[in-house]
Amino acid sequence: MPKSLFIDPLKVRAQSSITFGEIPVNTYNLTFAEEKKRYKKEDFIRIYRDMLVIREFETMLNLIKTTGEYQGIQYNHPGPAHLSIGQEAAAVGMAYALGVEDNIFGSHRSHGEILAKGLSAISQLDSKELTEIMENHFDGEALRIVEKHQKGSEKDLAIDFLLYGTLAEIFARKTGFNKGLGGSMHAFFTPFGVYPNNAIVGGSGDISVGAALFKKVNQKSGIVVANIGDASMACGPVWEGISFATMDQFRTLWEESHRGGLPLIFNFMNNQYGMGGQTQGETMGYDILARVGAGVNPEMMHAERVDGYNPLAVIDAFKRKKQILADKKGPVLLDTLTYRFSGHSPSDASSYRTKQEVEAWEKCDSICFFGNQMIENNIATQDDLDQMKSDTIDLIKKAMTLSIDDDISPRMDMIATPDQIGDMMFSNESMDKMEDRKPDVLIPIEENPRVQSLKNKERFAFDADGKPFSKLKTYQLKDALFEAIIDRFYKDPTLVAYGEENRDWGGAFAVYRGLTESLPYHRLFNSPIAEGAIVGTAIGYGMAGGRVIAEIMYADFLGRSGDQVFNQLPKWQSMSGNILKMPVVIRVSVGSKYGAQHSQDWTALTAHIPGLKVVFPATPYDAKGLMNSALQGTDPVIFFESQRIYDIGEQFHKEGVPEGYYEITMGEPDIKREGSDVTILSIGATLYKAIEAADILESKYGKSAEIIDARSLVPFNYTPVIDSLKKTGRIVITGDASTRGSFMKEMAQTISELAFDELDAPPVVVGSRNWITPAHELEDYFFPQAEWIVDAIHERMLPLDGHTSTSEWSDKAILLRHQKGI
């Protein structure tokens with residue numbers, strides 16, 4: 001709700017029409033002879049050689065998959081190999097026009113783009129730079145291997161390094177670029193500007209936007225290219241990524257120093273097929289993909305179709321589009337027309353297309369065309385081309401021979417070190433800031449109005465007589481979150497925060513109220529209502545080297561960002577071999593009062609996914625300490641917050657919430673009240689129902705309950721819980737999530753396994769009912785109540801004299817609920 005934009009009803013209601021400009025289609029028309037004026041002989045030779053290298057590399061993979069051997073070398077590769085044979089000109093033309101500082105993101109079919117961008121970078125870097133890059137990559141492990149078999153120049157060595165590192169990665173060798181953990185569909189090498197390829201169709205569509213955002217916000221050189229397939233145009237991440245990338249605010253609201261469009265090209269490698277679905281004429285309706293740009297913004301995304309079978313046409317297009325980005329008028333949409341001779345994968349019999357179609361495209365083979373043009377224009381002879389072909393085969397044979405040798409290129413030894421992949425799931429680093437420079441802020445932190453107002457708040461909820469302070473005077477949980485977040489904004493210059501209604505509104509629940517006064521637009525802004533892009537761009541921003549807080553307004557909206565939260569955010573640190581860090585905090589609000597689609601606790605969904613840290617503080621002291629830890633770390637954190645307790649004061653830490661900086665270690669539960677008869681382990685806001693239940697147990701039945709607040713779900717230290725059970729012998733686990741499949745159930749099982757001898761009764765889970773969340777007026781029948789906890793203790797573990805249950809916990813009732821699925 002930017003205050004500086006006025007929506008004039010007279011203007012927007014006036015009669016008019018929308019007109020569209022022309023979108024160029026295959027307009028490149030220079031002859032090879034004409035292009036000799038713009039390119040040197042060695043440039044043409046390099047373009048041809050790079051295409052040959054990619055073709056032979058993928059031919060080798062195809063033969064291994066289909067025949068089990070290449071050039072007499074036998075090998076069985078059971079993993080994937082999505083090949084782009086036929087698309088070489090599109091990859092090489094794209095990479096030729098890019099600098100080392102330009103970054104590309106790819107798809108499952110991006111071997112060619114990796115090699116093209118790598119070869120392009122090698123041609124631009126000097127020997128010293130190349131040596132430093134190769135030496136620094138995993139302490140020169142891959143370099144040590146290839147240099148024993150290369151006596152040529154440093155650039156020749158670098159080419160061997162590129163081919164070997166990529167192939168060893170595809171073959172799951174620990175000497176690969178990512179220790180064999182990324183494989184064929186996720187390989188990358190950032191020193192050459194090659195950022196992660198993505199096995200999920202369209203997965204780079206929003207991640208690449210985040211990388212471009214990082215360049216824009218932090219004023220880095222270079223552009224970002226998202227190389228994605230034509231079929232991905234139907235995918236959510238692509239559409240949401242385009243919506244995010246073309247926000248008007250980049251041109252209308254961001255301050256002058258950061259104004260202008262993102263430095264980003266959506267490069268659709270349009271080979272005209274998904275797997276077997278034909279995008280033109282069958283599965284899509286755009287006819288020509290570039291048409292889509294017309295509907296996005298007035299500039300039509302500077303959309304253009306380019307002939308991707310002519311590398312010179314692609315180079316020409318990229319150079320022109322790069323100038324548009326340099327003029328801050330991005331992003332750009334390129335429809336790079338190409339074709340794959342190979343199937344979707346080597347097992348694909350191409351039953352969805354005719355032999356005649358494939359042969360028609362093979363007659364246009366870009367490598368043959370370009371080679372013939374070189375001969376006709378006296379750039380090379382047939383003997384020269386044959387020699388390049390022979391040299392290329394030797395290159396690929398060498399890389400293959402080295403990468404399949406178990407002694408030279410072993411896989412991870414999972415017998416000697418069985419937990420080594422587990423040890424790579426998190427980076428667990430502590431960093432005050434991702435870059436060492438002065439943060440962009442509007443005022444000193446001490447002049448921020450909210451910071452000033454918090455100095456007058458009571459940081460403990462009760463006065464000396466035990467009476468609660470008024471809400472107006474109390475330092476609340478949302479204040480604690482604000483205090484941690486604004487502190488980090490003044491420390492880490494890369495930190496940005498965005499989501500729905502983050503600026504001016506102050507976030508949907510006022511956590512960010514006061515940040516607008518301190519932060520320029522490029523550090524705090526409103527995003528489209530596009531949860532997938534909110535998280536996806538955060539991934540790209542973190543991957544590129546920045547820190548980000550992305551907000552999901554309700555936990556129920558996690559489904560809208562499912563792939564990004566479950567399939568992207570948790571995996572890239574480990575799939576990269578720990579090269580990448582992911583300092584991303586996703587704030588997720590758990591609702592109530594708003595019914596079935598706005599009031600769900602989905603903690604179990606995120607805790608189930610390896611690679612995510614998950615926390616759920618329930619007190620102001622814990623909220624500030626855990627947020628500080630999340631923003632100090634380099635791992636992705638899902639930070640749950642309950643709307644029901646944003647306004648609660650600190651009731652447990654008697655010294656109150658410190659004004660200064662402190663951290664709470666993730667994974668450490670906290671004993672909120674000591675007891676001896678039963679342990680109550682709570683998750684989130686249900687802590688306060690657990691306290692009520694403990695008060696009832698003590699006042700009515702003389703029983704002492706020990707209350708443990710989980711605070712974190714992943715990681716989680718069970719030792720304090722087991723120590724408590726040694727005293728009490730009984731445990732209730734409670735939280736607001738629906739009981740079935742909840743993390744409470746996970747805890748109950750783990751406790752049963754670890755502390756069986758300490759238990760006098762099986763653990764009991766008291767969660768919400770397995771229903772839809774009803775209206776606010778009926779919530780007491782859905783969410784756990786103090787009485788439910790007491791009833792569960794009475795019926796299932798510790799009979800209470802004179803107690804009459806109001807909720808049903810008998811075996812019969814539980815069996816019936818399971819039978820009915822509720």
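Trainee: Why are α3 and α4 called oblique to each other?

Mentor: This is a predicted model, so read each value as computed from it. Helix α3 (residues 41-67) and helix α4 (residues 88-96) pack at an angle of about 130 degrees. Roughly perpendicular covers 65 to 115 degrees, and roughly antiparallel needs over 145. The angle falls in neither class, and therefore α3 and α4 are oblique. Their axes are 9 Å apart.

Trainee: In what sense of crossing, left-handed or right-handed, does α3 pass α4?

Mentor: The crossing of α3 with α4 is right-handed.

Trainee: Which residues in α3 meet α4?

Mentor: They are Asp43, Arg46, Ile47, Asp50, Met51, Ile54 and Arg55. Across from them, α4 offers Glu88, Ala89, Ala91, Val92 and Tyr96. A contact here means heavy atoms within 4.5 Å. By class, the contact of α3 with α4 has seven nonpolar, five charged and no polar residues.

Trainee: At what angle do α3 and helix α5 pack?

Mentor: α3 and helix α5 (residues 111-124) pack at about 145 degrees, with axes 10 Å apart. This crossing is right-handed. From α3 come Arg46, Arg49, Asp50, Val53, Ile54, Phe57, Glu58 and Leu61. From α5 come His111, Gly112, Leu115, Ala116, Leu119, Ser120 and Ser123. By class, that contact has seven nonpolar, four polar and four charged residues.

Trainee: What makes the pair of Phe214 and Tyr541 edge-to-face?

Mentor: Two values settle it. To pair, ring centres must lie within 6.5 Å, and edge-to-face needs planes over 60 degrees apart. The centres of Phe214 and Tyr541 are 5.4 Å apart and their planes stand at 80 degrees, so the pair is edge-to-face.

Trainee: Which parts does the pair tie together?

Mentor: Phe214 lies in helix α9 (residues 204-217) and Tyr541 in helix α19 (residues 531-544), so the pair links parts that are 327 residues apart in sequence. By the ring rule, the count comes to 34 aromatic pairs.

Trainee: Why are α9 and α19 called oblique to each other?

Mentor: Their axes cross at roughly 55 degrees and come within 6 Å. Roughly parallel needs an angle under 35 degrees, and roughly perpendicular starts at 65. The angle fits neither, and therefore α9 and α19 are oblique. α9 passes α19 in a right-handed crossing. The residues in contact include Phe214 of α9 and Tyr541 of α19. Among the others are Ile207, Val209 and Leu213 of α9, and Ile539, Gly540 and Met543 of α19. By class, the contact of α9 with α19 has 11 nonpolar, five polar and one charged residues.

Trainee: Now the sheets. Why is one side of β3 and of β6 left without a neighbour in the sheet?

Mentor: Start with the strand order. This open sheet of five strands runs β3-β4-β5-β7-β6, with parallel pairing. β3 (103-105) and β6 (304-307) stand at the edges with a single partner strand each, so each has one side without a neighbour in the sheet. The twist averages 25 degrees from one strand to the next.

Trainee: What makes strand β5 and strand β7 pair?

Mentor: The rule asks for at least two bridges between the strands. Strand β5 (residues 264-270) and strand β7 (residues 332-337) have six bridges, in the parallel sense. The rule is met. Ile265 stands opposite Val332 in β7. Helix α4 lies across β3, β4 (224-229), β5 and β7, at about 165 degrees to β5.

Trainee: What makes β14 and β19 edge strands?

Mentor: Each pairs on one side only. The order of that open five-stranded sheet is β14-β16-β15-β18-β19, with mixed pairing. β14 (670-673) and strand β16 (residues 705-709) pair over three bridges in the antiparallel sense. In that pair, Asp670 stands opposite Asp709. Helix α24 (residues 687-701) packs on the sheet, touching β14, β15 (678-682) and β16. The direction of α24 makes about 175 degrees with that of β16.

Trainee: How do you know that the peptide bond from Gly330 to Pro331 is cis?

Mentor: Its omega is near 5 degrees. Pro331 sits in the loop between α12 (311-326) and β7. Another cis peptide bond joins Val714 and Pro715, with omega about -5 degrees. Pro715 lies in the loop between β17 (712-714) and α25 (719-728).

Trainee: Which sign of phi, positive or negative, has Asp139?

Mentor: Positive, at about 55 degrees, although Asp139 is not a glycine. Asp139 lies in the loop between α6 (127-136) and α7 (141-147).

Methods. Residues are numbered from 1 along each chain as its sequence is written. This is a predicted model: local features need pLDDT of at least 70, side-chain atom pairs count only at pLDDT 80 or more; totals for chains, interfaces and linings use all residues. Side-chain values use heavy atoms; hydrogens and water are left out. Axes are lines fitted to C-alpha atoms, for helices over the stretch in contact, and angles run from 0 to 180 degrees between N-to-C directions. Helices (H or I, at least four residues) and strands (E, at least two) are DSSP runs, numbered from the N terminus. A crossing is left-handed if the near helix is turned anticlockwise from the far one by less than a right angle, and right-handed if clockwise. Ala, Val, Leu, Ile, Met, Phe, Trp, Tyr, Cys and Pro count as nonpolar, Asp, Glu, Lys and Arg as charged, and the others, Gly among them, as polar. Rings of Phe, Tyr and Trp (its six-membered ring) pair if their centres lie within 6.5 Å; planes under 30 degrees apart count as stacked, over 60 as edge-to-face and the rest as tilted.
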